[in-house]
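Here is a short tour for anyone who likes to read a structure with the bench in mind. Have a look at the sequence and the fold before reading on.

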Amino acid sequence: MILFNVPAITGNEHVYIQQAIMERKFSGDGHFTKISNEWMERNFDTAKVLLTTSCTHALEMAAMLAGIKEGDEVIMPSYTFVSTANAFVLRGAKIVFVDIRPDTMNIDESLIEAAITPKTKAIVPVHYAGVSCEMDKIMELANKYNLIVIEDAAQGVMSQYKGRHLGAIGHLGCYSFHETKNYNCGEGGALLANHENYIERAEIIREKGTNRSRFFRGQVDKYTWVDIGSSYLPSEINAAFLYAQLEKAEEINNNRLESWNRYYLGLGELESKGYIELPTVPEGCTHNAHMFYIKCGSLDERTRLMKYLKDENIQSVFHYVPLHSSEAGMKFGYFHGEDRYTTVESEKLLRLPLYYNISRNDIDRVIESIKKFYI
Ligand SMILES: *Cc1c(COP(=O)(O)O)cnc(C)c1O
(Lines give C-alpha, C1' and ligand atoms only; values in the text may rest on other atoms or scores of the structure.)
Protein backbone atom coordinates (compact mmCIF):
# COMPACT_ATOMS: atom_id res chain seq x y z
CA MET A 1 0.00 0.00 0.00
CA ILE A 2 1.34 3.44 -0.90
CA LEU A 3 0.33 5.55 2.06
CA PHE A 4 -0.86 9.11 1.69
CA ASN A 5 1.34 10.36 4.53
CA VAL A 6 4.15 9.01 6.67
CA PRO A 7 5.24 11.52 9.33
CA ALA A 8 8.86 12.66 8.98
CA ILE A 9 11.66 11.33 11.17
CA THR A 10 15.16 12.73 10.67
CA GLY A 11 17.23 10.67 13.10
CA ASN A 12 18.00 12.93 16.05
CA GLU A 13 14.55 13.04 17.62
CA HIS A 14 15.30 10.37 20.22
CA VAL A 15 18.73 11.89 20.95
CA TYR A 16 17.24 15.26 21.83
CA ILE A 17 14.37 13.70 23.78
CA GLN A 18 16.99 11.74 25.75
CA GLN A 19 18.80 15.01 26.41
CA ALA A 20 15.59 16.67 27.62
CA ILE A 21 15.06 13.70 29.95
CA MET A 22 18.60 14.03 31.31
CA GLU A 23 18.06 17.74 31.91
CA ARG A 24 15.02 16.91 34.05
CA LYS A 25 13.03 19.74 32.54
CA PHE A 26 9.82 18.49 30.94
CA SER A 27 7.42 21.41 31.13
CA GLY A 28 7.46 24.23 28.58
CA ASP A 29 9.98 26.96 27.81
CA GLY A 30 13.12 24.96 28.55
CA HIS A 31 16.22 24.61 26.38
CA PHE A 32 14.57 23.00 23.33
CA THR A 33 11.64 25.39 23.22
CA LYS A 34 14.09 28.28 23.40
CA ILE A 35 16.35 27.04 20.61
CA SER A 36 13.37 26.14 18.40
CA ASN A 37 11.94 29.65 18.82
CA GLU A 38 15.31 31.22 18.12
CA TRP A 39 15.90 29.01 15.08
CA MET A 40 12.65 30.25 13.55
CA GLU A 41 13.23 33.91 14.50
CA ARG A 42 16.62 33.76 12.81
CA ASN A 43 15.58 31.86 9.69
CA PHE A 44 12.19 33.44 9.10
CA ASP A 45 13.15 36.97 10.12
CA THR A 46 10.46 37.83 12.63
CA ALA A 47 10.38 39.69 15.96
CA LYS A 48 9.22 36.76 18.10
CA VAL A 49 8.27 33.12 17.72
CA LEU A 50 6.50 31.25 20.51
CA LEU A 51 6.00 27.49 20.29
CA THR A 52 2.45 26.43 21.05
CA THR A 53 0.58 23.18 21.52
CA SER A 54 -0.96 23.44 18.03
CA CYS A 55 -1.71 25.79 15.17
CA THR A 56 -5.30 25.80 16.41
CA HIS A 57 -4.03 27.25 19.68
CA ALA A 58 -1.78 29.74 17.90
CA LEU A 59 -4.86 30.94 16.00
CA GLU A 60 -6.80 31.24 19.28
CA MET A 61 -3.96 33.31 20.73
CA ALA A 62 -3.94 35.49 17.63
CA ALA A 63 -7.68 36.12 17.97
CA MET A 64 -7.14 37.27 21.56
CA LEU A 65 -4.17 39.43 20.58
CA ALA A 66 -6.21 41.04 17.81
CA GLY A 67 -8.79 41.97 20.45
CA ILE A 68 -11.61 40.22 18.60
CA LYS A 69 -14.91 40.59 20.44
CA GLU A 70 -18.64 39.90 20.08
CA GLY A 71 -19.99 41.34 16.85
CA ASP A 72 -16.66 41.82 15.05
CA GLU A 73 -16.31 40.45 11.54
CA VAL A 74 -13.35 38.42 10.32
CA ILE A 75 -12.73 37.76 6.62
CA MET A 76 -11.31 34.43 5.43
CA PRO A 77 -11.78 31.78 2.74
CA SER A 78 -14.41 29.08 3.24
CA TYR A 79 -12.02 26.54 1.74
CA THR A 80 -9.94 25.91 4.88
CA PHE A 81 -9.60 23.84 8.02
CA VAL A 82 -12.15 24.45 10.81
CA SER A 83 -9.62 25.95 13.22
CA THR A 84 -9.11 28.99 11.00
CA ALA A 85 -12.70 30.03 11.72
CA ASN A 86 -13.25 28.44 15.11
CA ALA A 87 -10.53 30.49 16.81
CA PHE A 88 -12.44 33.69 16.00
CA VAL A 89 -15.91 32.27 16.69
CA LEU A 90 -14.68 31.46 20.21
CA ARG A 91 -14.23 35.22 20.72
CA GLY A 92 -17.72 35.99 19.40
CA ALA A 93 -16.83 37.04 15.87
CA LYS A 94 -18.97 36.60 12.79
CA ILE A 95 -17.07 34.89 9.98
CA VAL A 96 -17.31 36.42 6.51
CA PHE A 97 -16.30 33.88 3.88
CA VAL A 98 -14.91 35.10 0.57
CA ASP A 99 -14.46 33.05 -2.59
CA ILE A 100 -11.13 31.53 -3.62
CA ARG A 101 -9.04 31.75 -6.80
CA PRO A 102 -9.27 28.52 -8.79
CA ASP A 103 -5.54 28.55 -9.64
CA THR A 104 -4.11 28.48 -6.08
CA MET A 105 -7.25 27.71 -4.04
CA ASN A 106 -6.31 30.75 -1.93
CA ILE A 107 -8.63 33.63 -0.99
CA ASP A 108 -9.31 35.85 -4.02
CA GLU A 109 -7.63 39.10 -2.99
CA SER A 110 -9.71 41.08 -5.49
CA LEU A 111 -12.94 40.17 -3.62
CA ILE A 112 -11.85 41.14 -0.12
CA GLU A 113 -12.48 44.89 -0.26
CA ALA A 114 -16.17 44.48 -1.10
CA ALA A 115 -16.60 42.29 2.00
CA ILE A 116 -15.17 44.90 4.40
CA THR A 117 -17.70 46.69 6.64
CA PRO A 118 -17.27 49.03 9.65
CA LYS A 119 -17.38 45.87 11.80
CA THR A 120 -14.46 44.16 10.04
CA LYS A 121 -11.49 43.65 12.36
CA ALA A 122 -9.20 41.15 10.67
CA ILE A 123 -8.33 39.30 7.48
CA VAL A 124 -7.07 35.71 7.73
CA PRO A 125 -5.27 34.59 4.57
CA VAL A 126 -4.71 30.82 4.44
CA HIS A 127 -1.67 29.79 2.40
CA TYR A 128 -3.10 26.65 0.86
CA ALA A 129 -0.60 23.89 0.04
CA GLY A 130 2.18 26.22 1.20
CA VAL A 131 1.64 28.54 -1.77
CA SER A 132 1.31 32.16 -0.72
CA CYS A 133 -1.77 34.34 -0.94
CA GLU A 134 -1.33 37.70 -2.70
CA MET A 135 0.09 39.36 0.42
CA ASP A 136 0.96 42.77 -1.08
CA LYS A 137 -2.67 43.39 -1.92
CA ILE A 138 -3.90 42.02 1.43
CA MET A 139 -1.49 44.19 3.46
CA GLU A 140 -2.45 47.20 1.38
CA LEU A 141 -6.14 46.66 2.24
CA ALA A 142 -5.26 46.13 5.90
CA ASN A 143 -3.43 49.46 5.98
CA LYS A 144 -6.21 51.26 4.18
CA TYR A 145 -8.95 50.00 6.55
CA ASN A 146 -6.84 49.58 9.68
CA LEU A 147 -7.31 45.80 9.90
CA ILE A 148 -5.14 43.12 11.48
CA VAL A 149 -3.77 40.39 9.23
CA ILE A 150 -3.35 36.95 10.78
CA GLU A 151 -1.69 34.46 8.43
CA ASP A 152 -2.82 30.87 8.74
CA ALA A 153 0.53 29.52 7.59
CA ALA A 154 -0.12 26.05 9.04
CA GLN A 155 0.96 24.58 5.70
CA GLY A 156 3.46 27.29 4.82
CA VAL A 157 6.52 26.71 7.01
CA MET A 158 9.65 27.41 4.84
CA SER A 159 7.60 28.90 1.96
CA GLN A 160 8.22 32.44 0.74
CA TYR A 161 6.43 35.34 -0.91
CA LYS A 162 8.71 37.81 -2.69
CA GLY A 163 11.62 36.71 -0.51
CA ARG A 164 9.75 36.91 2.80
CA HIS A 165 8.75 33.89 4.85
CA LEU A 166 5.06 33.03 5.12
CA GLY A 167 3.79 33.68 8.62
CA ALA A 168 6.20 36.61 9.03
CA ILE A 169 4.44 39.01 6.65
CA GLY A 170 1.14 39.85 8.42
CA HIS A 171 0.83 41.24 11.95
CA LEU A 172 0.61 37.72 13.34
CA GLY A 173 1.31 34.29 11.85
CA CYS A 174 0.43 30.72 12.84
CA TYR A 175 2.33 27.50 12.08
CA SER A 176 1.40 23.85 12.55
CA PHE A 177 3.73 21.03 13.54
CA HIS A 178 1.05 18.37 13.40
CA GLU A 179 2.30 15.05 12.04
CA THR A 180 0.56 15.68 8.71
CA LYS A 181 2.62 18.83 8.12
CA ASN A 182 6.16 19.14 6.70
CA TYR A 183 7.91 19.54 10.07
CA ASN A 184 6.28 17.92 13.04
CA CYS A 185 6.34 16.93 16.68
CA GLY A 186 3.12 14.94 16.65
CA GLU A 187 1.00 17.85 17.84
CA GLY A 188 2.45 21.35 17.96
CA GLY A 189 2.45 24.82 16.48
CA ALA A 190 3.88 28.31 16.77
CA LEU A 191 2.70 31.87 16.97
CA LEU A 192 4.73 34.50 15.12
CA ALA A 193 4.46 37.99 16.58
CA ASN A 194 5.81 40.10 13.75
CA HIS A 195 5.55 43.43 15.54
CA GLU A 196 7.20 44.23 18.86
CA ASN A 197 3.97 45.54 20.38
CA TYR A 198 2.35 42.07 20.40
CA ILE A 199 5.17 40.26 22.17
CA GLU A 200 4.50 40.98 25.83
CA ARG A 201 0.78 40.24 25.66
CA ALA A 202 1.44 37.10 23.58
CA GLU A 203 3.69 35.78 26.36
CA ILE A 204 0.98 36.51 28.94
CA ILE A 205 -1.84 34.87 26.96
CA ARG A 206 0.34 31.80 26.40
CA GLU A 207 1.08 31.52 30.13
CA LYS A 208 -2.54 31.25 31.35
CA GLY A 209 -2.90 35.03 31.51
CA THR A 210 -0.04 35.50 33.94
CA ASN A 211 3.13 37.59 33.79
CA ARG A 212 5.27 34.51 34.48
CA SER A 213 7.69 35.27 31.61
CA ARG A 214 8.43 38.75 32.94
CA PHE A 215 8.81 37.31 36.44
CA PHE A 216 11.41 34.79 35.24
CA ARG A 217 13.32 37.57 33.50
CA GLY A 218 13.35 39.50 36.76
CA GLN A 219 11.30 42.34 35.28
CA VAL A 220 8.57 42.11 37.94
CA ASP A 221 8.86 40.84 41.50
CA LYS A 222 5.49 39.06 41.65
CA TYR A 223 3.97 36.48 39.36
CA THR A 224 0.26 37.10 39.06
CA TRP A 225 -2.89 36.97 36.91
CA VAL A 226 -2.95 39.99 34.59
CA ASP A 227 -5.04 39.13 31.47
CA ILE A 228 -7.08 36.42 29.74
CA GLY A 229 -5.12 33.43 28.47
CA SER A 230 -4.81 29.68 28.51
CA SER A 231 -2.25 26.88 28.62
CA TYR A 232 -0.50 27.01 25.27
CA LEU A 233 3.05 25.83 26.07
CA PRO A 234 4.16 22.51 24.59
CA SER A 235 6.23 20.18 26.74
CA GLU A 236 10.01 20.05 26.31
CA ILE A 237 9.67 16.49 25.00
CA ASN A 238 7.71 17.81 22.02
CA ALA A 239 10.09 20.73 21.52
CA ALA A 240 13.09 18.35 21.54
CA PHE A 241 11.43 16.23 18.84
CA LEU A 242 10.64 19.33 16.80
CA TYR A 243 14.14 20.78 17.01
CA ALA A 244 15.53 17.65 15.33
CA GLN A 245 13.23 18.42 12.41
CA LEU A 246 13.93 22.16 12.23
CA GLU A 247 17.66 21.42 12.10
CA LYS A 248 17.01 19.33 8.98
CA ALA A 249 14.41 21.69 7.50
CA GLU A 250 16.41 22.40 4.36
CA GLU A 251 16.93 18.71 3.66
CA ILE A 252 13.25 17.88 4.24
CA ASN A 253 12.23 20.80 2.04
CA ASN A 254 14.51 19.79 -0.84
CA ASN A 255 13.45 16.17 -0.63
CA ARG A 256 9.75 17.09 -0.77
CA LEU A 257 10.32 19.52 -3.63
CA GLU A 258 12.05 16.78 -5.61
CA SER A 259 9.00 14.54 -5.19
CA TRP A 260 6.64 17.39 -6.02
CA ASN A 261 8.55 18.15 -9.23
CA ARG A 262 8.53 14.47 -10.19
CA TYR A 263 4.73 14.42 -9.97
CA TYR A 264 4.48 17.70 -11.86
CA LEU A 265 6.61 16.49 -14.75
CA GLY A 266 5.13 13.00 -14.79
CA LEU A 267 1.55 14.25 -14.91
CA GLY A 268 2.23 17.06 -17.38
CA GLU A 269 1.05 14.95 -20.31
CA LEU A 270 -2.38 14.46 -18.74
CA GLU A 271 -2.67 18.18 -18.15
CA SER A 272 -1.68 19.14 -21.68
CA LYS A 273 -4.22 16.66 -23.03
CA GLY A 274 -6.88 18.36 -20.90
CA TYR A 275 -7.69 15.45 -18.59
CA ILE A 276 -6.60 17.02 -15.31
CA GLU A 277 -5.36 20.31 -13.88
CA LEU A 278 -2.09 20.70 -11.98
CA PRO A 279 -1.30 23.19 -9.18
CA THR A 280 -0.20 26.75 -9.98
CA VAL A 281 2.65 28.50 -8.17
CA PRO A 282 2.40 32.22 -9.02
CA GLU A 283 5.46 34.28 -9.79
CA GLY A 284 7.21 35.52 -6.66
CA CYS A 285 6.11 32.49 -4.62
CA THR A 286 8.55 29.82 -3.48
CA HIS A 287 6.64 26.88 -2.05
CA ASN A 288 7.53 24.08 0.34
CA ALA A 289 5.92 21.14 -1.48
CA HIS A 290 3.46 20.68 1.37
CA MET A 291 1.11 18.80 -0.90
CA PHE A 292 0.65 17.58 -4.43
CA TYR A 293 -2.89 17.73 -5.70
CA ILE A 294 -4.57 17.32 -9.05
CA LYS A 295 -7.99 18.48 -10.13
CA CYS A 296 -10.27 16.04 -11.91
CA GLY A 297 -13.02 17.06 -14.31
CA SER A 298 -15.85 16.60 -11.80
CA LEU A 299 -16.84 15.21 -8.42
CA ASP A 300 -17.96 11.98 -10.03
CA GLU A 301 -14.67 11.58 -11.86
CA ARG A 302 -12.75 12.18 -8.63
CA THR A 303 -14.79 9.52 -6.83
CA ARG A 304 -14.04 7.02 -9.60
CA LEU A 305 -10.33 7.88 -9.66
CA MET A 306 -10.04 7.51 -5.88
CA LYS A 307 -11.67 4.10 -6.08
CA TYR A 308 -9.39 3.11 -8.96
CA LEU A 309 -6.29 4.17 -6.99
CA LYS A 310 -7.53 2.34 -3.90
CA ASP A 311 -7.82 -0.85 -5.94
CA GLU A 312 -4.22 -0.26 -7.05
CA ASN A 313 -3.24 0.01 -3.36
CA ILE A 314 -2.70 3.76 -3.49
CA GLN A 315 -4.14 6.01 -0.82
CA SER A 316 -5.41 9.39 -2.01
CA VAL A 317 -7.49 11.90 -0.05
CA PHE A 318 -9.53 15.04 -0.52
CA HIS A 319 -10.41 17.64 2.07
CA TYR A 320 -12.35 20.65 3.22
CA VAL A 321 -16.04 20.50 2.87
CA PRO A 322 -16.34 24.30 2.49
CA LEU A 323 -16.98 25.83 5.91
CA HIS A 324 -19.88 27.99 4.78
CA SER A 325 -21.92 24.89 3.97
CA SER A 326 -21.08 23.10 7.24
CA GLU A 327 -23.45 23.07 10.20
CA ALA A 328 -21.35 25.41 12.34
CA GLY A 329 -20.32 27.56 9.40
CA MET A 330 -23.94 28.38 8.63
CA LYS A 331 -24.50 29.35 12.24
CA PHE A 332 -21.39 31.47 12.74
CA GLY A 333 -20.74 32.97 9.35
CA TYR A 334 -21.96 33.73 5.88
CA PHE A 335 -20.58 33.76 2.38
CA HIS A 336 -20.09 37.23 0.97
CA GLY A 337 -20.70 37.42 -2.77
CA GLU A 338 -21.02 34.51 -5.13
CA ASP A 339 -19.61 31.04 -4.48
CA ARG A 340 -18.18 30.74 -7.93
CA TYR A 341 -15.21 28.49 -7.21
CA THR A 342 -15.11 27.36 -3.56
CA THR A 343 -17.59 24.49 -3.83
CA VAL A 344 -16.99 23.30 -7.39
CA GLU A 345 -13.19 23.46 -7.22
CA SER A 346 -13.03 21.70 -3.83
CA GLU A 347 -15.08 18.84 -5.27
CA LYS A 348 -12.52 18.22 -8.00
CA LEU A 349 -9.38 18.27 -5.89
CA LEU A 350 -7.50 15.08 -5.02
CA ARG A 351 -4.32 14.91 -2.91
CA LEU A 352 -1.67 12.34 -3.83
CA PRO A 353 0.84 10.58 -1.54
CA LEU A 354 3.68 12.95 -0.63
CA TYR A 355 5.96 12.79 2.40
CA TYR A 356 9.62 13.07 3.35
CA ASN A 357 11.56 10.24 1.68
CA ILE A 358 8.69 8.80 -0.35
CA SER A 359 10.41 6.61 -2.95
CA ARG A 360 10.68 7.55 -6.61
CA ASN A 361 9.26 4.15 -7.48
CA ASP A 362 6.15 4.86 -5.48
CA ILE A 363 5.68 8.25 -7.13
CA ASP A 364 6.13 6.68 -10.56
CA ARG A 365 3.60 4.00 -9.71
CA VAL A 366 1.05 6.66 -8.71
CA ILE A 367 1.71 8.58 -11.95
CA GLU A 368 1.36 5.43 -14.06
CA SER A 369 -1.89 4.46 -12.33
CA ILE A 370 -3.44 7.87 -12.94
CA LYS A 371 -2.35 7.70 -16.58
CA LYS A 372 -3.91 4.24 -16.95
CA PHE A 373 -7.16 5.58 -15.50
CA TYR A 374 -7.36 8.38 -18.04
CA ILE A 375 -5.74 7.06 -21.19
C1 LIG B 1 -3.36 21.76 9.87
C2 LIG B 1 -4.04 23.04 9.77
C3 LIG B 1 -4.50 23.74 10.91
C4 LIG B 1 -4.50 23.15 12.29
O5 LIG B 1 -3.26 22.77 12.75
P6 LIG B 1 -3.12 21.99 14.15
O7 LIG B 1 -1.66 22.16 14.49
O8 LIG B 1 -3.49 20.57 13.90
O9 LIG B 1 -4.00 22.65 15.14
C10 LIG B 1 -5.06 24.99 10.73
N11 LIG B 1 -5.16 25.54 9.52
C12 LIG B 1 -4.76 24.91 8.41
C13 LIG B 1 -4.89 25.58 7.08
C14 LIG B 1 -4.19 23.64 8.50
O15 LIG B 1 -3.80 23.00 7.38
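The notes below go through the ligand site, a strand pair, the salt bridges, some backbone angles and a surface patch.

## The ligand and its surroundings

Please keep in mind that this is a predicted model. Let us begin with the ligand, which has 15 residues around it. The closest of these are Thr-56, Asp-152, Gln-155, Ser-176 and Lys-181.

Two of those closest residues also reach the ligand through polar side-chain atoms. In Gln-155, a side-chain N or O atom is 2.8 Å from an oxygen atom of the ligand. For Lys-181, the distance between a polar side-chain atom and a ligand oxygen is 3.2 Å. The backbone takes part as well: a polar backbone atom of Cys-55 is 2.9 Å from an oxygen atom of the ligand. How much of the ligand does the protein bury? Taken alone, the ligand exposes 390 Å², and the protein buries 92% of that area.

## A buried strand and its partner

Strand S11 covers residues 292–295. Phe-292 and Ile-294 point to one side of S11, while Tyr-293 and Lys-295 point the other way. Which of these residues are buried? All of them are, including Lys-295.

The partner of S11 is strand S13, made of residues 349–352. The two strands pair in the antiparallel sense, over four bridges. If you would like a landmark for this pairing, Phe-292 stands opposite Leu-352 in S13.

## Salt bridges across the structure

Side chains of opposite charge can pair when their charged atoms come close. A search of the whole structure finds 21 salt bridges. One of them joins the side chains of Arg-201 and Asp-227, with N and O 2.6 Å apart. Arg-201 lies in helix H7 (residues 196–206) and Asp-227 in the loop between helix H8 (212–216) and helix H9 (236–247), so this pair ties together parts that are 26 residues apart in sequence. Arg-201 is partly exposed, with a relative accessible area of 29%, and Asp-227 is partly exposed too, at 22%.

In the salt bridge between Glu-207 and Arg-212, the closest N and O atoms are 3.3 Å apart. Is Glu-207 buried or exposed? Glu-207 counts as buried because its relative accessibility is 2%, under the 20% limit. Its partner Arg-212 is partly exposed, at 25%. Another salt bridge brings together the side chains of Lys-372 and Glu-312, at 3.5 Å from N to O. This pair links distant parts of the chain, 60 residues apart: Lys-372 is in helix H15 (residues 360–374), and Glu-312 is in the loop between helix H12 (299–311) and helix H13 (327–332). Glu-312 is partly exposed, with a relative accessible area of 23%. Elsewhere, a network of salt bridges links Lys-69, Asp-72 and Lys-121.

## A buried tyrosine

Tyr-175 belongs to strand S8, which covers residues 172–176. With a relative accessible area of 0%, Tyr-175 is buried. What lies 2.7 Å from a polar atom of the Tyr-175 side chain? That is the backbone oxygen of Leu-166.

## Two residues with positive phi

Most residues other than glycine have a negative phi. Met-105 and Tyr-320 are worth a look in this respect. Met-105 has a positive phi, near 65°, and sits in the loop between strand S3 (94–98) and helix H5 (112–115). At 1% relative accessibility, Met-105 counts as buried.

Tyr-320 is not a glycine either, and its phi is positive, about 65°. Where is Tyr-320 found? Its place is the loop between H12 and H13. Tyr-320 counts as buried because its relative accessibility is 15%, under the 20% limit.

## A nonpolar patch on the surface

To finish, turn to the start of the chain. Met-1, Leu-3 and Val-6 form a nonpolar patch on the surface. Together they have about 250 Å² of accessible area. Met-1 is placed in the segment before helix H1 (13–22). Why does Met-1 count as exposed? Its relative accessibility is 57%, and exposed means over 50%.

Definitions and conventions: Residues are numbered from 1 along each chain as its sequence is written. This is a predicted model: local features need pLDDT of at least 70, side-chain atom pairs count only at pLDDT 80 or more; totals for chains, interfaces and linings use all residues. Side-chain values use heavy atoms; hydrogens and water are left out. Patches are made of residues with over 30% relative accessible area and no salt bridge: like charges are joined within 9 Å, nonpolar side chains (Val, Leu, Ile, Met, Phe, Trp, Tyr) within 5 Å. Accessible areas come from the Shrake-Rupley method with a 1.4 Å probe; for residues, only the protein chains shown count as cover. A salt bridge is a side-chain nitrogen of Lys or Arg within 4 Å of a carboxyl oxygen of Asp or Glu. Buried means under 20% relative accessible area, exposed over 50%, partly exposed in between (1.4 Å probe, protein chains only). Two strands pair if DSSP finds at least two bridges between them. A residue is near a molecule or strand if one of its heavy atoms lies within 4 Å of it. A polar contact is a pair of N or O atoms within 3.5 Å; within protein, one must be able to donate a hydrogen and the other to accept it, and residues adjacent in sequence count only if both atoms are side-chain atoms.
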